[in-house]
Amino acid sequence: QWVLSYGSLPKIYTALKEKRMREVQDLLRAYVITYLREEVKAEALVRNLQGFQNFLDVAVAQFSEQVNFSAVSRDCQVALTTAREYYSILEDTLIGFFLYPHRKGERKRMSQQPKFYFFDNGVTRALLGSLQDPPTPLEQGRLFEQWVVQEIVRLNDYHQKDWKLSFWRTSHGAEVDIVITRSTKVLYAIDCKCKRRPSAADLSGLRSFQESHPDVPCVVVAPVAQSYRLSFARVLPPDILLSELA
């Protein structure tokens with residue numbers, strides 16, 4: 001729960017263990033201010049810092065969701081090329097990253113827009129200005145998904161797995177949060193559910209994916225006490241999934 005709300009930066013984690021919550025919030029706010037002042041303004045990455053701040057407000061409100069670049073540029077009142085450039089700045093300064101749709105052999109009926117994730121949940125909530133409030137159920141689900149994606153990205157980088165990570169979504173809305181591929185082989189299809197007991201009703205995305213990928217292992221990762229099988233999929237706690245992937 002702490003990681004979902006406040007992230008896992010080393011200083012934050014230490015303060016959380018000692019229950020110094022005010023310090024946690026102050027550190028996260030300072031991180032965001034320092035980022036804007038030193039990384040963006042001091043390096044002259046953008047000409048209009050206020051415009052970038054407006055963009056950041058829009059981008060963070062859509063974390064873990066697909067990015068409609070045209071809508072972002074309209075909401076920020078900047079050119080489409082500028083909106084794309086701003087996302088590149090977030091990538092270049094390691095504040096966030098894109099996850100692109102899995103398209104192999106299915107381009108005609110697949111969604112084309114990427115998702116954008118921030119590198120840390122605490123920084124995300126500091127940017128949102130929501131550190132003092134507990135996450136809503138909807139926000140919890142998005143934070144859980146973002147955290148799982150963050151951990152798999154880090155595991156891939158640290159162990160040099162050479163995975164290609166993507167998500168799968170049809171034009172009709174069926175979705176799987178994470179697809180792990182190496183070379184031409186799809187290794188895993190993983191859906192994130194922030195539920196204590198996922199049920200068969202939570203398998204709709206994976207079920208659609210399995211129709212075209214019947215041999216790919218399907219996993220639901222959720223904050224469950226122990227692993228169990230649910231129809232064609234396995235339900236795994238995050239630590240078990242990450243241990244298996246490592």
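**Reading pockets, a cavity and a core**

Modeller: Let's start with the second largest pocket, whose lining divides into seven nonpolar, two polar and three charged residues. Keep in mind that this is a predicted model.

Colleague: Happy to! Which elements give two or more residues to that lining?

Modeller: They are helix 1 (2-6), helix 8 and helix 10 (238-245). Helix 8 gives the most, with three residues. The pocket has a volume of about 280 Å³, and among the residues lining it are Gln1, Phe144, Trp147, Arg196 and Asp239.

Colleague: And how should I read the largest pocket? Which residues lie closest to its centre?

Modeller: The general idea first: rolling a probe the size of a water molecule over the atoms shows where empty space is left. Here, the largest pocket has a volume of about 440 Å³. It is lined by 21 residues, and Gly141, Glu145, Asp177, Cys192 and Lys193 are the closest to its centre. By class, this lining has eleven charged, five polar and five nonpolar residues. Helix 8 supplies the largest share, five residues, while strand 4 (175-182), strand 5 (185-192) and helix 9 (204-212) each supply at least two.

Colleague: What about closed space: how many cavities of 30 Å³ or more does the structure hold?

Modeller: One. About 40 Å³ of space lies in it, and Tyr31, Val32, Tyr35, Ile95, Val123 and Leu127 line it. By class, that lining has six nonpolar residues, with no polar and no charged ones. Helix 3 (21-41) gives three residues, the largest share, and helix 7 (121-128) supplies at least two.

Colleague: Now the interior. How many residues does the largest nonpolar core have?

Modeller: In soluble globular proteins, nonpolar side chains tend to be buried together. In this case the largest core has 65 residues, and those with the most contacts inside it include Phe52, Tyr87, Phe118 and Ile152. Its largest share, eight residues, comes from helix 8 (residues 137-158). A second, separate core of 19 residues includes Val176, Val179, Ala189 and Phe209.

Colleague: Which residues does Ile152 contact, leaving aside its neighbours within four places in sequence?

Modeller: Trp163, Leu165, Ile178, Ile180, Ile190, Leu242 and Leu245.

Colleague: Helix 8 keeps coming up. What span should its 22 residues have?

Modeller: At 1.5 Å a residue, they should span 32 Å, and the end C-alpha atoms of helix 8 are 31 Å apart, so the two agree. Look just after the helix, too: Gln160 takes a positive phi of about 50 degrees.

Terms used. Residues are numbered from 1 along each chain as its sequence is written. This is a predicted model: local features need pLDDT of at least 70, side-chain atom pairs count only at pLDDT 80 or more; totals for chains, interfaces and linings use all residues. Side-chain values use heavy atoms; hydrogens and water are left out. A nonpolar core is a set of buried Ala, Val, Leu, Ile, Met, Phe, Trp, Tyr and Cys residues joined through side-chain atoms within 4.5 Å. Buried means under 20% relative accessible area, exposed over 50%, partly exposed in between (1.4 Å probe, protein chains only). Helices (H or I, at least four residues) and strands (E, at least two) are DSSP runs, numbered from the N terminus. Contact means heavy atoms within 4.5 Å. The expected span of a helix is 1.5 Å times one less than its number of residues. On a 1 Å grid over the protein atoms alone, a cavity is a set of points where a 1.4 Å probe fits but cannot get out, and a pocket is an open set with protein on both sides within 12 Å along at least five of seven lines; lining residues have an atom within 4 Å of a point. Grid points are joined across faces, edges and corners, and a volume is the space filled by probe spheres set on the points. Ala, Val, Leu, Ile, Met, Phe, Trp, Tyr, Cys and Pro count as nonpolar, Asp, Glu, Lys and Arg as charged, and the others, Gly among them, as polar.
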